[in-house]
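Subject: The structure we talked about

Hi there,

Here is the structure I promised to pass on, with my notes below it. Have it open while you read, and write back with any questions.

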Amino acid sequence: MLKEQHAVDMTAKNLQKEREDERIMNQLRAEFSRIDISQDGSVTLDELRQFLLQNTEGRVDTGIAEAIFQEIDIDGSGVVLLQEFVESYFIKQKIVKERLSEVEETLRNHKKSREQL
Ligand SMILES: [Ca+2]
């Protein structure tokens, strides 16, 4: 009985996770489509630059656009496809999570060493 309840909870959790992933995917798709000015299914550095300029009232310099582009152009082909765009988002999420747990660990160790004093 308990086991069944656990299975139901897990399914609900997975469903929730799937829905969350789907929500993120839809957002990423919409964002990609906004950056892809020519609507040909790929984003170029020029398009990203234009997008950033439009959305920051010209406060973004070219260097930042290039840096972002290099980061999302995973295979370095000079164009970013939706798949790369999505992948780079999830890679970034993972890096952020790893950094956060590193910081947490450092804080924990710091606290511990202070308690020992
Ligand atoms: Ca394009």
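Where is the place of Gln-39? You will find Gln-39 in the loop between α1 and β1 (42-44). Please keep in mind that this is a predicted model. Gln-39 caught my eye for its backbone: its phi is positive, about 55°, although Gln-39 is not a glycine. As for its surroundings, Gln-39 has 7 other C-beta atoms within 10 Å and is exposed.

Now to the helices, beginning with α1.

Helix α1 covers residues 2-35, and three of its residues give a feel for how the surroundings change from place to place. Leu-2 belongs to helix α1. Its C-beta neighbours inside 10 Å number 6, so Leu-2 counts as exposed, the cut-off for that being 12 or fewer. Between the C-alpha atoms of Leu-2 and Leu-28 there are 39 Å, for a separation of 26 residues along the chain.

Ile-24 is also part of helix α1. Here there are 14 C-beta neighbours inside 10 Å, and Ile-24 therefore counts as partly exposed. Ile-24 and Tyr-89 are 65 residues apart along the chain, yet their C-alpha atoms are separated by 9.7 Å.

Ile-35 is the third one, again in helix α1. With 18 C-beta neighbours inside 10 Å, Ile-35 is partly exposed; a residue needs 20 or more to be called buried. Which residues is Ile-35 in contact with, leaving aside its neighbours within four places in sequence? They are Val-43, Glu-47, Leu-48 and Phe-51. For one of these, Leu-48, the C-alpha atom is 6.0 Å from that of Ile-35, with the two positions 13 residues apart along the chain.

Next comes α4, and how α1 meets it.

Helix α4 runs over residues 82-116, which makes 35 residues. From its first C-alpha to its last, α4 reaches 51 Å, close to the 51 Å expected at 1.5 Å a residue. Is α4 largely buried or largely in the open? Of its 35 residues the number buried is one, so α4 lies largely in the open.

The axes of α1 and α4 come within 10 Å and cross at roughly 125°. That angle makes α1 oblique to α4, and the crossing is right-handed. On the α1 side, the residues that meet α4 are Met-25, Leu-28, Arg-29 and Phe-32. Their partners in α4 are Leu-82, Phe-85, Val-86 and Tyr-89. By class, this contact of α1 with α4 has seven nonpolar residues, no polar ones and one charged.

There is one more helix pair to look at.

Helix α2 (residues 45-55) and helix α3 (residues 62-72) have axes that come within 9 Å and cross at roughly 125°. As a result of that angle, α2 is oblique to α3. The crossing of α2 past α3 is right-handed. From α2, the contact is made by Leu-45, Leu-48, Arg-49 and Leu-52. From α3 it is made by Thr-62, Ala-65, Glu-66, Ile-68 and Phe-69. Sorted by class, the contact of α2 with α3 holds six nonpolar residues, one polar and two charged. You have already met Leu-48 among the contacts of Ile-35.

Happy browsing, and best wishes!

Note on methods:
Residues are numbered from 1 along each chain as its sequence is written. This is a predicted model: local features need pLDDT of at least 70, side-chain atom pairs count only at pLDDT 80 or more; totals for chains, interfaces and linings use all residues. Helices (H or I, at least four residues) and strands (E, at least two) are DSSP runs, numbered from the N terminus. The expected span of a helix is 1.5 Å times one less than its number of residues. Axes are lines fitted to C-alpha atoms, for helices over the stretch in contact, and angles run from 0 to 180 degrees between N-to-C directions. Angles under 35 degrees count as roughly parallel, over 145 as roughly antiparallel, 65 to 115 as roughly perpendicular and the rest as oblique. A crossing is left-handed if the near helix is turned anticlockwise from the far one by less than a right angle, and right-handed if clockwise. Two residues are in contact if their C-beta atoms, placed from the backbone, lie within 7 Å. Ala, Val, Leu, Ile, Met, Phe, Trp, Tyr, Cys and Pro count as nonpolar, Asp, Glu, Lys and Arg as charged, and the others, Gly among them, as polar.
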